[in-house]
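Me: Please take a close look at one part of this model, the enclosed spaces inside it. Set that part against the protein as a whole.

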Amino acid sequence: MLEQMNHRDLTRRTALLVLAGLLGLPGGSPAAAPGTASAEGATVQDSQAAKASVKVSGTPAAAETEPYYGEVLEAWQKEKVQAGAGEIVIDAAAPAGQSDSGAFIIGPLEGKARALQWKNTGENWVEYRFTVPADGLYEIHVSYRPLPAKGIGGAIVWDLTLDGRRPYRETSSITLYRDWRDERPIRKNDDGDEVRPRSVEVPAWKQTALTDGGGAYGGPLLWRFTAGEHTLRISGSEPVALEKLILKATRSTPAYAEAAAAYPAAPAPSRKAQAEVLTIQAEDLLHKNDTSIKLFSDTDARTVPVAKGRITYNTVGGRRWLYHNQEITWKVNVPETGLYKLAFRSLQNQFAQKSSFRTVRIDGQVPFRELTAFRFPYASDWRGILLGPEEEEPYGLYLTAGEHTVSLAVTHAPLKPVLIGIEELTELLRTVEDDLRSLTGGIVDRNRTWKLQQELPDLTPRLEEAAKRMVTLADSLQEINGGKDSISQGIRNSADDVRELLEKVDDIPYYTDQISSMKEKISGFTETLLQQPLQLDELYLAPVDREFPDMVASWLSSAFGTAQNFIYSFDARNSLKNMDDRVLNVWVQRGRDYVDQLQQLSDELFTPETGIKVKVNLLPNAQLLVMSNAAGVQPDVALGLTQDLPVDYAIRGSVHDLSRYPDFKEIQQKFSPGSWLPLHYNGGYYALPETQSFQVLYYRKDILKGLGLPVPQTWDDVYALLPVLQQNALNFYMNPKDFTPFFYQNGTDLYRPDGMKTALDTPEGFRAFKMWTDLFNTYALEKEVPSFYQHFRRGTMPIGVSDYNLYVQLAAAAPELNGRWGIAEIPGVKQADGSIVRWAGGGQRTSVIFERSNKKDQAWAFLKWWVSDEVQERYGNDIEAVNGVAFRWNTSNVNAFAKLPWKREDAEVILDQWRWYKDIPNLPGGYFLEREIHNAWLRSVVDGLNYRTSLETAVLDIDRELRRKQLEFGFVDASGRVVRTLDVPAVKEPWKGVDPYAE
């Protein structure tokens, strides 16, 4: 029976968190006042979060060898371990050992007489030996300078071991950040709109304390050293220069009252200083630590500078400044020494009624605990936020005359008690669901009656406990948030649903799916809670006795601004119908940043080379192409179309056959043969591949190692590891809609060679369908997984097949998993000769030339330029510089792919899998294939129909629709006689085009 934690235990945990803040632990805070965090990121709570994320998930202790930082710190507190004494300086240029001498250079660098230059090309390590004179807790500070990296350099993430082991799990994701600045001046396009600037690195020597890359702690990580000699090993893959490491005795951050009492007596400010309020435009930042933080254009009448109907980047943050540790720094010049107050013109309307939290630093330090997690409440419109415990009571900041910095960093520490509760509640509901499914056999039979008190006597107490926890979580979240929000209300509604189920206990087995949906809904709240968006227009620094300017537009100016914006809306400069016949008109179905970057690159490179002027427009929706065609308005070129659209348009004669060009064969060789399958129709090719997703196997190295499981190479290997996973309450992930690997790996094409019928009704096809459905019927894979990313991150699904999107999610938003996850080729089917076939699709974005264009040759020149090696590499690096690693350009051009900043070991896996890329052909009526195969899966997996009968039904329906469309487009006549065939190309061998790049 599941060991339960009662309602009182959860309340006690929250009390421990507040107590930790009151005791002044690093990262702690006192009980929240209005405008501050309610239960700040104390280390005890991180201990509990750690336990929730692994033990609650059912992962065995052996799978995770190191404890969490919070658990270790809690043990130190019980032992009453004191702070260390003094400082120990370690010369980074004198390592005791290193992995590869060729990766390190020792010598002078930018004002430092001696530095270790770590020019990484892969995973390397360096270690130091030093002697500590006294036992105690220390912080580790490092003096470092980021070095140029391949492409757009990312954060420097280290895996640290002390005396041969990690003292706690977080040492695998120690993060040092690069500093970035937006290019100035901001360029404008031909329409007068500003083009979002790219980020430029501003590398410099800096000294910082080592912190957790996950942003879950309020201060530097502490390290316990005993007196004597120690060895510290640093492993990493990002280039960096190191001057020294410093062990400093830890100190706690004081509360505001204590810090204010220690302020020196300030001289009376002069009349000039009294009259001056410093206003800093938030978009004019000094630097940021993540290229994902972007500028945004805002049309509010009070926002400075006023947009006036044009895109004007006058604010910063918003939905691109919401993840852990993302930090923005501004410079302020204080005229005179004295006490000052700080305010912000801010907007948080991305998530209804949800507050966002920021760590406030002055000159790189949190001045007092209340600023470790300051609350910015939700508001539907811009508002002024005073830095203080209450609206009219500011915190005083003692600043000396001269230059200072103000920094705001994202933190989610106040929400940790709720995150803990959600993890534990989800696990409790999972056990209830599992027991109900075991009882009912997974079948809801309303003709059967149950006596639940006899058959599952502990079920009712567990559901009552779940309802209590839901109420506690909703109350806690409401207090932390400063009011109700959709999440707290959703949790409270779930509590009502559970109570309603408990009114008729014996009917509960009929509602197992409802409990499952409730579990997934509550689990899904985690991702929203971790997102902390905030948009800023201005910062204000004023003497404490001076008034801030109005931060909200008056009623009159708002009305005037609304009227102006209404008038500006009639400006049709971006209208797709306004096309210039003198230029090449290109429509792009991507975001504004992609369009601006392509326009800039075309103006810089393509037009000077060819003399062809290009006008790039944003295509919001592909359906506009159909409507514009009906209206007689079409571009010359369209980019970013999904892979099904080119053939759909080709069937109707709307796009041009690119294979007519004499140099098409030369272009075709740049791309994998399987990527051309969706673009072929009736003997021609109607698009070029642009970007391409990939399917790979993601796995948690730590969990598989703890369970003693190898990375599976075949589906038989997957079957072998599933019992071990499921015995430990874990599972394998496979998207139920992804069927291509099973059919292609079993030697089954989806259509017959002539393209007139489906080829699924073959012995190989039935075997493939059975293999696919057996994973869910026989081997108990989850039929519905709302977020594999969250399950993978928590460890409940430590292995599974997914695509490019998961890769960038993990790379951008899961630093705590650094070194703990990897990718491999997807499982395949072993052949008689021992080789393994790993065919899989992925999905593409494509580019086309329209048949109505009178500039087809110019359009073809543009497309060849666009997909060329140099342009794809340059565009990929530029778009990542503007938007961060989450916008990694997944080009279909293998030559350009090899030059983009992928980790070497990951790039090799992706290239190896690329050999087996094979996507779905598009034929008239082919839309029925995916729909009916999925319907067949539902009939077999959900309804329990025999797999063969289910697939035969799908084949009949698919062939019927194919024949209907073939008749419509003249491939068969009214009597059913074949007039002409479609002749689908065959891809039977893995692509050798990756051989020069894949080891």
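Reply: What follows covers the cavities, after some notes on the model and the whole chain.

This is a predicted model, in which local features need pLDDT of at least 70 and side-chain atom pairs count only at pLDDT 80 or more, while totals for chains, interfaces and linings use all residues. Residues are numbered from 1 along each chain as its sequence is written, and side-chain values use heavy atoms, with hydrogens and water left out.

The secondary structure comes to 28 helices and 39 strands; helices (H or I, at least four residues) and strands (E, at least two) are DSSP runs, numbered from the N terminus. Of the 999 residues in the protein, 58% are buried, where buried means under 20% relative accessible area, exposed over 50%, and partly exposed in between (1.4 Å probe, protein chains only). Among contacts (heavy atoms within 4.5 Å) with a separation of 6 or more, 78% join residues 24 or more positions apart.

The structure holds six cavities of 30 Å³ or more. A cavity here is a set of points, on a 1 Å grid over the protein atoms alone, where a 1.4 Å probe fits but cannot get out; its lining residues have an atom within 4 Å of a point. Grid points are joined across faces, edges and corners, and a volume is the space filled by probe spheres set on the points.

The largest cavity contains about 130 Å³ of space. Its lining consists of 14 residues, and those nearest its centre are Gln692, Ser693, Phe694, Ile910 and Trp914. Helix H26 (residues 904-914) supplies three residues, the largest share of this lining. By class the lining of the largest cavity divides into seven nonpolar and seven polar residues, with no charged ones. In this scheme Ala, Val, Leu, Ile, Met, Phe, Trp, Tyr, Cys and Pro count as nonpolar, Asp, Glu, Lys and Arg as charged, and the others, Gly among them, as polar.

The second largest cavity has a volume of about 40 Å³. Residues lining the second largest cavity include Leu677, His680, Tyr681 and Asn682, along with Pro921, Asn922 and Leu923, and also Leu982, Val984 and Pro985. Seven of its lining residues are nonpolar, three are polar and none is charged.

One further residue can be added. Tyrosine 698 sits in strand S33 (residues 696-700) and is buried, with a relative accessible area of 0%. Its C-alpha lies 8.8 Å from that of leucine 806, although the two are 108 residues apart along the chain.

How values were computed
On a 1 Å grid over the protein atoms alone, a cavity is a set of points where a 1.4 Å probe fits but cannot get out, and a pocket is an open set with protein on both sides within 12 Å along at least five of seven lines; lining residues have an atom within 4 Å of a point.
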